[in-house]
Every structure is written in C-alpha cells, then in structure tokens.
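Visitor: I would like to know how the labels on this model are earned. Could you take me through a few?

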Amino acid sequence: MQVHVPKPLHGWREFAGEVGIIVLGVLIALGAQQVVESIHDKAQVREFRSAVDDELAYDLGSYNQRLILTPCVRARLVEVDRLIASYRTGKPIVLHGLSRRPVGFSLRTSVWAGRTADVSASMPLQTRLTYSSIYDDLANYDVHRVDERNGWQELGDFDDATDLDRADLMRLRGLVNKLRWIDFIIVQNWPEEAERARRLGITPKRDPRDPPLDLGICTTFLPAHA
C-alpha cells in the first residue's frame with residue numbers, strides 16, 4: 001500500500017507564502033488592537049488624573065485654609081492659658097467667645113474612591129503611590145480636623161464662665177494641651193503633603209461656591225480691661 005502525501009495545488013513554496021501572509025495579517029491585527037487599547041487606556045488615565053487632580057486641589061485648598069487660621073488658634077489658646085493662670089492668682093478672668101472655633105471644610109474623596117483597577121494598573125507605579133500617599137495623609141488630617149472641632153466645642157462650654165473649680169481648670173488645661181497637639185500635627189504634616197502635590201503638578205485652590213473663611217477665631221476672647 002502506498003501513502004501519498006497531499007500537495008498544495010500550486011506548490012509548497014506558494015503555500016508557505018500564503019500562510020505567511022495570513023500569519024502576518026493576524027499579527028498586524030493584534031498589534032493594531034493593542035495600539036488602540038493602549039491609546040484608550042492612556043486617554044482613561046488622563047481623564048482620571050484630571051478629575052482626581054481637581055479633587056485634590058480642593059482638598060489641599062481646604063487644608064491650606066485651616067493653616068491660615070493657625071496664628072489665631074495659637075493666640076486664642078494663650079488666652080485660655082491666661083484664664084487658667086488668673087484663677088491661680090485669685091483674680092479670675094472671664095473669657096467671652098469661646099464658642100468660636102477654627103472652621104475646616106470637609107474633604108472630597110469620591111473620585112479617588114471610585115477608581116477602577118484597569119485605570120490604576122495603567123498608571124505609572126510611582127505616580128499611583130504618590131496619589132495614595134496624599135490621600136492617606138489627607139485622611140489623617142481629616143481625623144485631626146474633626147478632633148479639633150470637637151475639642152473647641154468642648155472649650156465653648158466655658159464661655160462666660162465665672163466660677164470654675166479645680167476640676168474645671170484641669171479639664172481646661174487638658175483641652176488646651178490637646179488642641180495645641182492637634183495644631184502642631186496639622187502644621188507639621190503640611191510641607192510633605194504640599195511637596196507631593198507639587199511633584200504631581202497640583203496647586204491648592206478653593207471652590208468659589210464655598211462660603212468665605214470664618215475668621216471668628218481671630219477675635220480675642222479677653223475682655224477689654226484684661
């Protein structure tokens with residue numbers, strides 16, 4: 001029995017050429033698809049970064065608004081120190097306006113929280129890590145912002161107080177120490193946060209729809225004769 005190997009109609013050389021053309025066409029199609037996907041991914045990353053940069057610009061602007069109030073915060077805490085000292089000397093001072101506090105705007109995180117895995121994967125690793133670090137620090141700032149607000153609200157309980165006992169004075173001292181520490185942390189963390197933003201080309205800004213910065217904390221608590 002003889003086995004005959006089938007031969008292409010026009011010879012092996014021509015057959016190989018046709019197969020090569022088909023393979024080349026497939027490779028070109030795959031390459032073109034990858035180019036299209038790459039262009040699409042880069043466009044998505046650009047759009048995402050534009051949105052997240054706007055979000056961070058607002059958040060950093062809100063952080064910066066709190067920093068503007070730092071000299072006033074420290075001056076008011078010194079006045080509370082004077083109140084505590086006045087009781088020790090037997091000549092108590094009555095402070096007015098302790099309900100005023102440094103006002104911080106809430107932060108926005110929805111854009112970053114809504115990022116997709118494919119967009120994150122398409123972003124350079126170092127860029128992604130820098131964004132993550134900024135948001136981590138902003139989350140830390142937001143905790144301090146809320147703690148500071150709560151501390152000043154507690155301080156407001158002593159507004160116009162005329163008869164403070166030892167427990168009251170100890171509570172006041174604890175609140176002053178706590179608020180000083182929070183202020184220190186907020187100020188201390190800012191330079192590194194601002195430097196990361198600078199590397200990404202992000203400039204802090206305010207939303208024009210936000211209310212003007214409340215400068216009430218910049219008004220003295222001391223009576224005119226103190």
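Visitor: What makes Asp207 and Arg108 a salt bridge?

Guide: A salt bridge needs a side-chain nitrogen of Lys or Arg within 4 Å of a carboxyl oxygen of Asp or Glu. The closest N and O atoms of Asp207 and Arg108 are 3.0 Å apart, so the pair fits the definition. It links distant parts of the chain: Asp207 is in the segment after α6, Arg108 in the loop between α2 (70–88) and α3 (110–113), 99 residues apart. Helices here are DSSP runs (H or I, at least four residues), numbered from the N terminus.

Please keep in mind that this is a predicted model, where local features need pLDDT of at least 70 and side-chain atom pairs pLDDT 80 or more, while totals for chains, interfaces and linings use all residues. Residues are numbered from 1 along each chain as its sequence is written, and side-chain values use heavy atoms, without hydrogens and water.

Visitor: Why is Asp207 called buried?

Guide: Buried means under 20% relative accessible area, exposed over 50%, partly exposed in between (1.4 Å probe, protein chains only). Asp207 has 8%, so it counts as buried, whereas Arg108, at 33%, counts as partly exposed.

Visitor: How do you know that the length of helix α6 agrees with its number of residues?

Guide: The expected span is 1.5 Å times one less than the number of residues. For the 34 residues of α6 (166–199) that gives 50 Å; the end C-alpha atoms are 51 Å apart, which agrees.

Visitor: Which salt bridge partner does Arg196 have in α6?

Guide: Glu192, at 2.8 Å from N to O; the two lie 4 residues apart, about one turn of the helix.
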